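This report looks at how a ligand is held by a protein and at the domains around it. Please keep the sequence and the 3D view at hand while reading.

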Amino acid sequence: MRSFAGRDILSLKEFERNEFFHVFDVAQKMEPIARARKNVDMLKEKTLVTAFYQPSTRTRLAHEAAMHRLGGHVCGFADPKMTRAGDFYQESIKDTVKMLEYYGDVIVMRHFQQGAPHEAAKWASIPIINGGDGWGEHPTQILTDLYTVLREKGRIDGLKWLAVGDMRMRTMHSLGYALSQFDCPITFVAPPDMGLTDEFKAELKQYSVDFKEVDHVEKAIADADVILVEPVVQPDYTKSRDERTGELSLTPANYRITRELLETKAKSDAILLHSLPRMDEVPLDVDITRWSRYWQEAFNGVVMRMTLLALVLGAME
Ligand code: CP
């Protein structure tokens with residue numbers, strides 16, 4: 001297996017099956033540190049640079065929290081408007097990264113342009129972690145989700161997935177690539193204008209992913225062991241910032257996971273994931289049901305970022 005030390009985490013297309021399991025093994029070693037709310041000194045000589053060109057609550061703060069848990073340091077920006085990339089100069093990724101690499105030892109980047117972290121990785125001499133790039137990918141989120149499934153269900157292979165939401169979403173792309181390494185059939189449910197692109201479908205076929213599409217969650221939920229939901233009412237991910245204006249439409253029933261639907265149609269031991277933020281696709285009364293696992297997912301988000309930071313910085317092999 002390739003070493004993770006010094007490696008960029010840009011895409012789950014690049015991940016091999018044994019690498020997923022290695023990451024999950026290391027995550028299980030990290031978990032007690034996070035669960036005990038301890039800070040250790042594993043990365044005390046290291047600094048994480050956060051370069052966020054798009055808003056984030058979880059991805060940026062989970063990386064920062066992970067770095068603190070491992071005794072490291074953090075610097076960075078949460079809004080490009082405060083940098084020369086977001087003002088008159090529109091400073092390029094290359095010029096920005098050629099500076100940032102001297103300010104720390106690893107960079108986590110979120111960007112509104114698909115491929116921006118890959119461009120950064122071309123120029124940086126330190127690892128780049130993709131914290132979400134436009135409609136591209138969100139590898140650390142899906143590693144978190146797969147780890148959550150492993151911890152909650154005890155296995156990944158043999159589980160049937162239902163993915164609901166906007167299939168242009170970066171999480172859906174990383175999920176499709178990741179499931180190519182597991183025995184996990186998946187059913188996608190999306191509005192017609194947010195369906196799988198022909199290009200992505202071709203890739204899924206090329207990677208031997210067992211997938212199908214249906215038009216309503218009611219047609220697929222009974223078979224699902226893992227239900228992963230994303231909003232269909234959401235901002236434009238190709239913009240640096242997309243403010244809400246006026247009234248928003250509600251999520252159609254086809255793409256909503258309600259308590260009644262879970263009670264009447266879902267497997268009793270299915271689990272429900274949502275990377276959040278949510279709109280109305282998972283109503284609040286679902287939170288206190290046996291299906292919801294999104295708060296466990298949030299905790300695992302810190303564990304997974306601890307794992308990836310420790311691996312790419314060579315503190316764990
Ligand atoms: N799940 C996720 O990526 O959340 P943020 O946009 O808050 O980082």
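## Polar contacts of the ligand

In this predicted model, a polar side-chain atom of Gln141 lies 3.2 Å from a nitrogen atom of the ligand, a polar contact being a pair of N or O atoms within 3.5 Å. Oxygen atoms of the ligand take part as well: one is 2.6 Å from an N or O atom in the side chain of Ser56, and a polar side-chain atom of Thr59 lies 2.7 Å from an oxygen atom of the ligand. The protein covers 90% of the 250 Å² of accessible area that the ligand has on its own, as given by the Shrake-Rupley method with a 1.4 Å probe.

Residues are numbered from 1 along each chain as its sequence is written. Local features need pLDDT of at least 70 and side-chain atom pairs count only at pLDDT 80 or more, while totals for chains, interfaces and linings use all residues, and side-chain values use heavy atoms, without hydrogens and water.

## The surrounding shell

Which residues surround the ligand? They are Ser56, Thr57, Arg58, Thr59, Arg110, His138, Gln141, Ser275 and Leu276, where a residue is near if one of its heavy atoms lies within 4 Å.

## The two domains

The domain assignment, which is automatic or from a database, gives domain 1 (12–136 + 301–312) and domain 2 (139–234 + 249–298). The shell around the ligand draws at least three residues from each of these domains, whose C-alpha centres lie 25 Å apart.

Note on methods
A polar contact is a pair of N or O atoms within 3.5 Å; within protein, one must be able to donate a hydrogen and the other to accept it, and residues adjacent in sequence count only if both atoms are side-chain atoms.
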